Amino acid sequence: QVQLVESGGGLVQPGGSLRLSCAASGSIFSINAMGWYRQAPGKQRELVATIGSGGSTTYADSVKGRVTISRDNAKNTVYLQMNGLKPEDTAVYHCNAHLQSRGSLFYSDYWGRGTLVTVSS
């Protein structure tokens, strides 16, 4: 089995910073892309940022310049450094990994349960 566990969410004032972490564990053979998505109340889940196994990154326009995604392949962990947070960044942030589990021939998407980020004064 494979698990993705997020941490680092919380309440922060506008303009503040948070660093989210997501560790993948279990029967993992190989991880391709990893990413962060978010879902605000009453809205659909949306992409925040992704990072490939070689380090290539993509960002949503809404977070460009404020957010940095990174990963530690040795730890199967992906990070999201968020600066200049705005109230509209309030959402549950979910980690995603496109990985191949041991014994499987294919890559599949796995999701964490999410961590809540609330930006409010």
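**Notebook: pocket and rings**

I looked up the largest pocket, and its volume is about 180 Å³. I note that this is a predicted model.

Next I checked the lining of this pocket. There are 13 lining residues, and Arg38, Ala40, Lys43, Glu46 and Glu88 are the closest to the pocket centre. I then sorted the lining by residue type. I found 7 charged, 4 polar and 2 nonpolar residues.

Then I turned to the aromatic rings. How many aromatic pairs does the structure hold? I found 1. The partners are Tyr37 and Trp111, with ring centres 5.0 Å apart. Their planes meet at 65°, and over 60 degrees counts as edge-to-face, so I logged the pair as edge-to-face.

Where do the two partners sit in the chain? Tyr37 is in strand β4, residues 28-39. Trp111 is in strand β10, residues 108-111. The two are 74 residues apart, so I wrote that the pair links distant parts of the chain.

I also looked up how accessible each partner is. Tyr37 has a relative accessible area of 22% and is partly exposed, because buried would need under 20%. Trp111 is at 39% relative accessibility, so I put Trp111 down as partly exposed too.

Last, I searched for charges over rings. Which charged end sits over the ring of Trp111? It is that of Arg45, 4.6 Å from the ring centre. So Trp111 appears twice in my notes: in the pair with Tyr37, and under the charged end of Arg45. I also logged Arg19, whose charged end sits over the ring of Tyr79, 4.1 Å from the ring centre.

Conventions:
Residues numbered from 1 in each chain as written. Predicted model: local features only at pLDDT ≥ 70, side-chain atom pairs only at ≥ 80, totals over all residues. Heavy atoms only, no water. Phe/Tyr/Trp six-rings, centres within 6.5 Å; stacked < 30°, edge-to-face > 60°. Helix = DSSP H or I, 4+ residues; strand = E, 2+ residues; numbered from the N terminus. Buried < 20%, exposed > 50% of the residue type's maximum accessible area, 1.4 Å probe, protein only. Lys NZ or Arg CZ within 6 Å of the ring centre and 35° of its normal. 1 Å grid on protein atoms, 1.4 Å probe; cavity = no way out; pocket = protein on both sides within 12 Å on 5 of 7 lines; lining within 4 Å. Points joined across faces, edges and corners; volume = space filled by probe spheres on them. Nonpolar A, V, L, I, M, F, W, Y, C, P; charged D, E, K, R; others polar.
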